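Grab a coffee and work through these exercises with the model open beside you. Each one sets a task and then walks through a solution.

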Amino acid sequence: MIYPPQFEEKIGFLKIRELLNQNCISDMGREWVNKLSFSSSFSSINLWLNQTEEMQQILLGDLGIPTQNYFDLRPDLFQIRLAGSFLRTERFFDLKSSLKVINAMLLFFDSRQKDFPNLYNLSSGLEIDPQIIKQIDFILDEKGEIRDSASEKLFSIRSEIKSSQRQSERSINESLRVAKKAGWTNENVEATMRNGRLVIPLSAAYKRQIRGVVHDESATGQTVYIEPDKVLHLNNKINELEAEERREILRILIAFADFLRPSIDSLIEAYRFLGLIDFIISKARLAILLQAVKPDLRDTAEIEWYQARHPLLYLSHKSQGKSVETLDIQLNNQQRILIISGPNAGGKSVALKTIGLLQYMLQNGLLIPLKSTSITGIFKRFFIDIGDEQSIENDLSTYSSHLLNMHHFLAQANSKTLFLIDEFGSGTEPILGGAIAEAILEELNEKKAFGVITTHYANLKLLPTNDNGMVNGAMLFDTKKMMPLYKLVTGRPGSSFTIEIARKIGFSKSLLQRIDEKADRRQLDFDEQLQQLEVDKKALEQKQKQIALMDDHLAETLEKYQNLYATLQKEKKTILADANKESKAILKQSNRLIEKTIKEIREHDAEKQKTLEIRKNIQQEIVRLEQEPAVEKPTRHKTIEKQIANKKVEKKPQKRTSLKVGDLVVVDGQNTVGSIALIKGKKAKVDFDTMQMFIELHRLEKVSKTQERKLKKASVKSSTIAQEISEKSADFNPNIDVRGMRAEEALIQIQRFLDDALLLGAHQVHILHGKGTGALRQAIQEYLRANRAVDRYYDEHIERGGHGITVVEL
């Protein structure tokens, strides 16, 4: 169920239909495009998407599916159901061409039923009687004309016609030669045709010199065209034979229609199949044009999209060489309703229409342009309220028509509903409009409906809580350049930046001051808080990136230290072992010296007991040195860990100096320098480039001109690495295509690709190598098997490419 009746026009689907019609080959395919309609059946949508995805693979792989001669013969087949009817000769050739295409299509899917099972099932049970094509080939030649051999009688008639024509030509040429010789006509004239008869041109003065029939004369009357008597009877005979030829051809066509009549129903079904294939080819061509894919389709009401693009905006920007901002969005049972706010012309309505158009395309069986890992659900009811619905005929104002739409939404909405409302609450007195919008939104939320709205009203921005099913979304805005970024972030409301945009346009300071005085202070404070939150969030994100980089650097340094420590320990053991060996050698040498000494003592009758004691002591010392284990000192890194664990970070108290208007200040924990424009109680109004903020005085710290320059340099230096990685992350594509490359070249590209993926923290990537002979796939998977960074790898699901794509988990 969709609402209102102009739904397709409002979201831009009529242009999608137009693109599909342009991609069709025949009117049969265009009939299917015109019948295209919204469905909430999971099985039907899934089947349509699978069929289109398979056709997309066929076209991208250039597998040779026929894409010409899609002629629609159904009206002619219906016509020849009556006995005595027949196909016109010119349609006979179209029948032959289109039946050959259908037959080729059936053979194509039959030979590839495992690769394209959903398309094969369309052709299941269809069969073209081979005798039909044989019979057509027997009757028609390659030029689409009836063959002489189509029947014996036709062959005889045409042979006699050719013989009579030759006699007629000889006779007319003889008469022409006589006329030229006698000077009755010019030397350079030739025989010609008049009223279907072969004649010769003669000067009017000599028209009685040759007996015959005058068929025509020139505009001046100077030349007459005569058919000589001796040619006349031959031409009459030819005319009679041609009439007989037409009667025989008609008999042949009627006989063929009689032969074809029992197969008409199966042929009409075959042409229905051809039209459906034309329609699916059109959908696949559109998918290729939009770089669309089949997402993870689920039979639930949910949306989890990544890198979604508005199809028509993408095509427009592509033609101009520009890129389009992608959209990430989640709608689930925890956050069913997204409230988008932000500046005018910031992309709120485009985001809303992107969601509406892509979901509607999906439930019409079309592939959509987003990341293939996105999750898409199915909604039973789809409502939209966009644009001006003023109706003079029904005496409805724009706001009245919006209220009428809201009445329908409230009456029909349930937990399977998706509603989209643009500029919710606008068009009437702001306070009442905001109150009505808030009440309607709360009731839709109570019905557990899913939806996306855009608004500027602060009371709607304040509705979401952690557990009420609603969530804020903001369209980002560059506060330095004062221009929208067209990027959606969820989890917080957006500011309209009304005053800032007016200042950027060039409104005078006095006018801005008057606006500031007349505006609701609470609303301005709310916008300023939103802007401050944005500044704080950006600063926090920058700090987180820097901490992550420092953490990676610390981990790398620690790894290097541990490797160095292990090397030193190994060298230490080697040195100790060498020292032990050296000490043993010294002791052995000493032992020999002692032995010599003992020998001398003995020779001099020294005390034997004392000698034995000396030798025993020396031997014990040798054994002790051999068995002594290498003593290791406490590991250095453990000592460092203890020092880090026991170290307490002490923060030196900072002295706060009194602040005044004109002082340069920074906010605690940030490097952006601003100037105090106004002090009001415990808050100060601080100018940061083109943005002004009210900030508590205790959060501000005074800085000098020198400190300002240092802070700017430090901010630039510290953000360089994070910015490079951020830019690399924005450009990173988790899919790589190495089809057509040699194995060595592909492996080099894949190695760089995996290095980038690891650096950016990607957990899963896809390698498109194609099927082919399988050699490239084998080489890639052998490399992945040996790569320690790869957790596992496997072939993609058969519906998403099968063994032509390898999925890698890191």
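Two rings of Phe, Tyr or Trp count as a pair if their centres lie within 6.5 Å. With that in hand, note that Phe7, Phe13, Phe38, Tyr360 and Phe382 form one aromatic cluster. Keep in mind that this is a predicted model.

**Exercise 1. Classify the ring pair Phe92 and Phe256, and work out which parts of the chain the pair ties together.**

Step 1: Start with the overall tally, which is 15 aromatic pairs in the structure.

Step 2: Get the geometry. The ring centres of Phe92 and Phe256 are 4.7 Å apart and the planes sit at 50°. Planes under 30 degrees apart would be stacked and over 60 edge-to-face, with the rest tilted, so this pair of Phe92 and Phe256 is tilted.

Step 3: Place the residues. Phe92 belongs to helix 6 (residues 89-111) and Phe256 to helix 10 (residues 229-260), so the pair links parts that are 164 residues apart in sequence.

Step 4: Check the surroundings. Both Phe92 and Phe256 are buried.

**Exercise 2. Do the same for Tyr360 and Phe382, then decide whether each is buried or exposed.**

Step 1: The centres of Tyr360 and Phe382 are 6.5 Å apart with 50° between the planes, which is again a tilted aromatic pair.

Step 2: Tyr360 sits in helix 13 (residues 348-362), while Phe382 sits in strand 11 (residues 381-385), so this pair ties together parts 22 residues apart in sequence.

Step 3: Buried means under 20% relative accessible area. Tyr360 comes in at 1%, so Tyr360 is buried. Phe382 has 0% relative accessibility, so Phe382 is buried too.

Step 4: Zoom out. Tyr360 and Phe382 belong to one aromatic cluster whose members also include Phe7, Phe13 and Phe38.

**Exercise 3. Which charged side chains lie over the faces of Trp32 and Tyr225?**

Step 1: Look at Trp32. Lys35 lies over the face of this ring, 4.2 Å from the ring centre.

Step 2: Move to Tyr225. Here Arg194 lies over the face, at 4.2 Å from the ring centre.

**Exercise 4. Describe how helix 9 and helix 10 cross, and what sort of residues make up their contact.**

Step 1: The axes of helix 9 (residues 152-182) and helix 10 come within 9 Å, crossing at roughly 160°.

Step 2: Angles over 145 degrees count as roughly antiparallel, so helix 9 and helix 10 are roughly antiparallel to each other.

Step 3: Their crossing is left-handed.

Step 4: Sort the contact residues of helix 9 with helix 10: 10 are nonpolar, seven polar and 10 charged.

**Exercise 5. Describe how helix 11 packs with helix 6 and with helix 3.**

Step 1: Helix 6 and helix 11 (residues 264-290) have axes 11 Å apart and pack at about 70°. That angle makes helix 6 roughly perpendicular to helix 11.

Step 2: Helix 3 (residues 27-35) and helix 11 have axes that come within 7 Å and also cross at roughly 70°. Helix 3 is therefore roughly perpendicular to helix 11.

Step 3: Now the handedness. The crossing of helix 6 and helix 11 is left-handed, whereas that of helix 3 and helix 11 is right-handed.

**Exercise 6. Look at the backbone around Pro4, Asn69 and Gln291.**

Step 1: Tyr3 and Pro4 are joined by a cis peptide bond, with omega about 0°. Pro4 is in the loop between strand 1 (2-3) and helix 1 (7-11).

Step 2: Asn69 isn't a glycine, yet its phi is positive, near 60°. You'll find Asn69 in the loop between helix 4 (42-60) and helix 5 (74-79). Its relative accessible area is 36%, so Asn69 is partly exposed.

Step 3: Gln291 is another non-glycine residue with a positive phi, near 55°. Gln291 lies in the loop between helix 11 and strand 6 (296-297).

**Exercise 7. How far apart in space are Lys294 and Thr52, and how far apart are Val665 and Glu701?**

Step 1: Lys294 is in the loop between helix 11 and strand 6, and at 8% relative accessibility Lys294 counts as buried. Lys294 and Thr52 are 242 residues apart in sequence, but their C-alpha atoms are 8.8 Å apart.

Step 2: Val665 is in strand 16 (residues 664-667) and is buried, with a relative accessible area of 0%. The C-alpha atoms of Val665 and Glu701 are separated by 5.3 Å, with these positions 36 residues apart along the chain.

Note on methods:
Residues are numbered from 1 along each chain as its sequence is written. This is a predicted model: local features need pLDDT of at least 70, side-chain atom pairs count only at pLDDT 80 or more; totals for chains, interfaces and linings use all residues. Side-chain values use heavy atoms; hydrogens and water are left out. Rings of Phe, Tyr and Trp (its six-membered ring) pair if their centres lie within 6.5 Å; planes under 30 degrees apart count as stacked, over 60 as edge-to-face and the rest as tilted. Helices (H or I, at least four residues) and strands (E, at least two) are DSSP runs, numbered from the N terminus. Buried means under 20% relative accessible area, exposed over 50%, partly exposed in between (1.4 Å probe, protein chains only). A charge sits over a ring if NZ of Lys or CZ of Arg is within 6 Å of the ring centre and within 35 degrees of the ring normal. Axes are lines fitted to C-alpha atoms, for helices over the stretch in contact, and angles run from 0 to 180 degrees between N-to-C directions. Angles under 35 degrees count as roughly parallel, over 145 as roughly antiparallel, 65 to 115 as roughly perpendicular and the rest as oblique. A crossing is left-handed if the near helix is turned anticlockwise from the far one by less than a right angle, and right-handed if clockwise. Ala, Val, Leu, Ile, Met, Phe, Trp, Tyr, Cys and Pro count as nonpolar, Asp, Glu, Lys and Arg as charged, and the others, Gly among them, as polar.
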